[in-house]
Amino acid sequence: MATHSFSLLSIQSLTSNSSNKQSENTNTFLTHKYCKALATTFTGGKLLIRPQNLNNFTLKRRRSTVATVAFSLPITRPESSEKQPKWSSRAIQAFVMAELEARKLKYPNTGTEALLMGILVEGTSLAAKFLRANGVTFFKVSEETLKLLGRSDMYYFSPEHPPLTKPAQKALDWAVNEKLKSGEDGEITVTHIALGIWSVKESAGHKIMSTFGFDDEKAKELAKFMDKDIELTYK
């Protein structure tokens with residue numbers, strides 16, 4: 001049976017009658033400089049594909065995601081005379097993870113339970129570390145969420161950006177308002193989101209935090225980290 005080869009590039013054949021050393025150098029150069037060789041079992045040949053510049057694609061995709069999320073997060077109204085606070089990079093990342101967790105659970109909306117999971121999945125903020133240290137971990141929250149809210153229909157597909165539930169919107173609005181009331185410069189942090197969840201008493205996130213021993217006293221301790229997401233140390 002005859003074998004075939006398919007190439008997307010106009011390059012010389014990979015086989016050569018030159019010495020083994022020259023052939024090896026040529027193949028390495030072609031592989032790393034111009035193309036990736038993928039073996040195709042149905043032809044017995046090699047499929048040569050020029051790699052795209054993934055760095056530019058990833059950067060554009062990341063900017064698009066951040067822009068979409070930043071638009072979804074609440075801020076003051078444009079006509080307001082107050083200075084509009086900005087969300088910290090970790091707060092935005094936590095929100096992205098919250099939407100992802102809602103989609104994993106096939107929920108139609110991003111609720112306070114998803115916001116809580118997003119904080120824990122992001123994991124690097126002082127708020128996330130405080131929650132874990134006090135027994136509020138991602139796996140515990142995931143299990144409790146399923147107990148409290150149940151599983152979604154396995155055939156349901158969540159939207160790419162599940163809209164916020166009313167309690168989740170209240171939690172984020174609380175975070176914004178609390179930052180504005182402080183009158184301080186800086187960003188809205190992950191701690192603002194965590195305490196915003198706690199402030200909405202009827203929310204699933206509040207109930208889950210309470211289940212694992214989080215209370216008003218611990219909320220006061222957590223509030224000490226309101227102005228920052230990380231602790232910078234210099235040695």
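Start by selecting Thr-189: its relative accessible area is 3%, so this residue is buried. Keep in mind as you look around that the model is predicted. Thr-189 sits in the loop that runs between strand S5 (187-188) and helix H8 (190-199). Now show its surroundings: leaving aside residues up to four places away in sequence, Thr-189 touches Ser-88, Ala-91, Phe-225, Met-226, Asp-227, Lys-228 and Asp-229.

Next, turn to the aromatic rings. Searching the whole structure gives 3 aromatic pairs, and two stops on this tour are among them.

For one of these pairs, select Phe-138 and Phe-139. Their ring centres are 5.5 Å apart and their planes meet at 70°, so the pair is edge-to-face. Try colouring the two residues by accessibility: Phe-138 is partly exposed, with a relative accessible area of 22%, while Phe-139 is exposed, at 62%.

Then move on to Trp-198 and Phe-214. Here the ring centres lie 5.0 Å apart with the planes at 70°, so this pair is edge-to-face. Trp-198 belongs to helix H8, and Phe-214 to the loop between helix H9 (204-211) and helix H10 (216-222), so the pair ties together parts that are 16 residues apart in sequence. Switch on the surface and look for both partners: Trp-198 counts as buried, at 7% relative accessibility, and Phe-214 is buried too, with a relative accessible area of 2%.

For the last stop, select Lys-106 together with Phe-157. Lys-106 lies over the face of the Phe-157 ring, 4.6 Å from the ring centre.

Definitions and conventions:
Residues are numbered from 1 along each chain as its sequence is written. This is a predicted model: local features need pLDDT of at least 70, side-chain atom pairs count only at pLDDT 80 or more; totals for chains, interfaces and linings use all residues. Side-chain values use heavy atoms; hydrogens and water are left out. Helices (H or I, at least four residues) and strands (E, at least two) are DSSP runs, numbered from the N terminus. Buried means under 20% relative accessible area, exposed over 50%, partly exposed in between (1.4 Å probe, protein chains only). Contact means heavy atoms within 4.5 Å. Rings of Phe, Tyr and Trp (its six-membered ring) pair if their centres lie within 6.5 Å; planes under 30 degrees apart count as stacked, over 60 as edge-to-face and the rest as tilted. A charge sits over a ring if NZ of Lys or CZ of Arg is within 6 Å of the ring centre and within 35 degrees of the ring normal.
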